[in-house]
Amino acid sequence: MVSEELAEIEGQIQDIFRALSNGFQKLEKIKDSSRQSRQLEELTDKMRDCKRLIKDYDRELKDSDYKNDPNTNKMLNEKKQSMIKELNSYVALKKQYASNLENKRVDLFEGPGEGFAEDNVLLASNMSNQQLVDHGNHMMDETDQTIDRAKKVVHETINVGTETAAALKAQTEQMSRIVNELDSIHFSIKKASQLVKEIGRQVATDRCIMGLLFLIVIGVISIIIVKIVNPHNKDIRDIPGLAPPAPARKLLWISD
């Protein structure tokens with residue numbers, strides 16, 4: 001026997017799997033890149049929900065592990081692994097579509113080789129040897145300066161990239177912890193709601209018992225009052241343990 005919570009979570013997961021299957025079939029027929037991107041975002045949200053539900057399924061399975069027999073626990077664990085494999089297959093399919101979509105958006109820039117020589121460039125045929133040497137040295141100095149600036153920019157870019165990668169890694173770990181905490185909070189709220197419902201049912205049962213006891217006490221008190229007010233009423237039986245009322249006494253006067 002499987003608990004109602006496990007059955008409900010499994011039903012929600014199966015619904016998401018059907019939605020994912022239909023969503024990817026629909027994605028194959030979409031040609032527009034923007035619509036494909038929106039469809040992928042919707043499917044990604046569904047996969048996040050499915051991952052959260054599988055975590056809830058695993059927690060509920062661990063909570064009810066002692067209640068089930070070994071064969072039932074084995075069957076439930078195999079079912080959990082099957083759902084994880086199916087979710088991973090959809091994740092891989094999503095990555096494949098995302099990669100294809102990204103390749104479509106890449107713009108290839110090719111150097112056209114356009115441009116013309118400057119009008120004031122001195123022709124080698126009109127320059128002396130010393131002018132050619134000076135001009136060559138000047139071009140080499142400019143080239144060295146350009147290379148130094150490029151090295152500096154590359155070095156700064158590497159430093160910024162390293163710092164950015166470290167910050168992104170820290171933020172990713174923090175987001176992962178936040179997601180796990182949110183999943184734990186959601187599971188705790190769900191369990192608390194179930195406990196509140198059980199307590200409500202117990203309180204309702206206790207109220208019914210208290211009401212019944214109150215009616216019994218009122219009935220006993222009513223019978224006692226009637227017996228005291230009208231002790232000769234034969235329609236009301238004596239209450240066990242309650243002494244019958246004392247007979248009325250009359251004083252006799254003897255006249256001289």
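A residue is called buried here when its relative accessible area is under 20%, exposed when that value is over 50%, and partly exposed in between. With that cut-off in hand, and remembering throughout that this is a predicted model, start with the whole chain on screen: of its 256 residues, 17% count as buried. The accessible surface of the chain comes to about 21000 Å², and 58% of that surface belongs to carbon and sulfur atoms.

Next, switch to a cartoon view and follow the chain from its N terminus. You will find four helices and zero strands, so that the pattern along the sequence reads α-α-α-α. If you then display contacts between residues with a separation of 6 or more, 72% of them join residues that are 24 or more positions apart.

Now select helix 1, which covers residues 4-29. Its 26 residues should span 38 Å at 1.5 Å a residue, and because the C-alpha atoms at its two ends are 39 Å apart, the expected and modelled lengths agree. Colour its buried residues, which are Glu5, Leu6, Ile9, Glu10, Ile13, Ile16, Phe17, Leu20, Gly23, Phe24 and Leu27. As you look along the axis, it helps to recall that an α-helix has 3.6 residues a turn, so residues three or four places apart point the same way.

Stay in helix 1 and centre the view on glutamate 10, one of the buried residues of that helix. Which residues does glutamate 10 touch, once those up to four places away in sequence are set aside? They are Tyr57 and Lys79, and with lysine 79 there is also a polar contact of 3.3 Å between the two side chains.

From there, move to helix 3, residues 70-105, and select asparagine 88. Is asparagine 88 buried or partly exposed? Its relative accessible area is 46%, which lies between the cut-offs of 20% and 50%, and therefore asparagine 88 counts as partly exposed. Add lysine 51 to the selection and draw a C-alpha to C-alpha distance: asparagine 88 and lysine 51 are 37 residues apart in sequence and 9.7 Å apart in space.

Finish in helix 4, residues 129-229, by selecting isoleucine 209. This isoleucine 209 is partly exposed as well, with a relative accessible area of 45%. Show the surface and extend the selection to Met210, Leu212, Leu213, Ile216 and Val220, which together with Ile209 make a nonpolar surface patch of about 570 Å².

Technical notes: Residues are numbered from 1 along each chain as its sequence is written. This is a predicted model: local features need pLDDT of at least 70, side-chain atom pairs count only at pLDDT 80 or more; totals for chains, interfaces and linings use all residues. Side-chain values use heavy atoms; hydrogens and water are left out. Patches are made of residues with over 30% relative accessible area and no salt bridge: like charges are joined within 9 Å, nonpolar side chains (Val, Leu, Ile, Met, Phe, Trp, Tyr) within 5 Å. Accessible areas come from the Shrake-Rupley method with a 1.4 Å probe; for residues, only the protein chains shown count as cover. A salt bridge is a side-chain nitrogen of Lys or Arg within 4 Å of a carboxyl oxygen of Asp or Glu. Buried means under 20% relative accessible area, exposed over 50%, partly exposed in between (1.4 Å probe, protein chains only). A polar contact is a pair of N or O atoms within 3.5 Å; within protein, one must be able to donate a hydrogen and the other to accept it, and residues adjacent in sequence count only if both atoms are side-chain atoms. Contact means heavy atoms within 4.5 Å. The expected span of a helix is 1.5 Å times one less than its number of residues.
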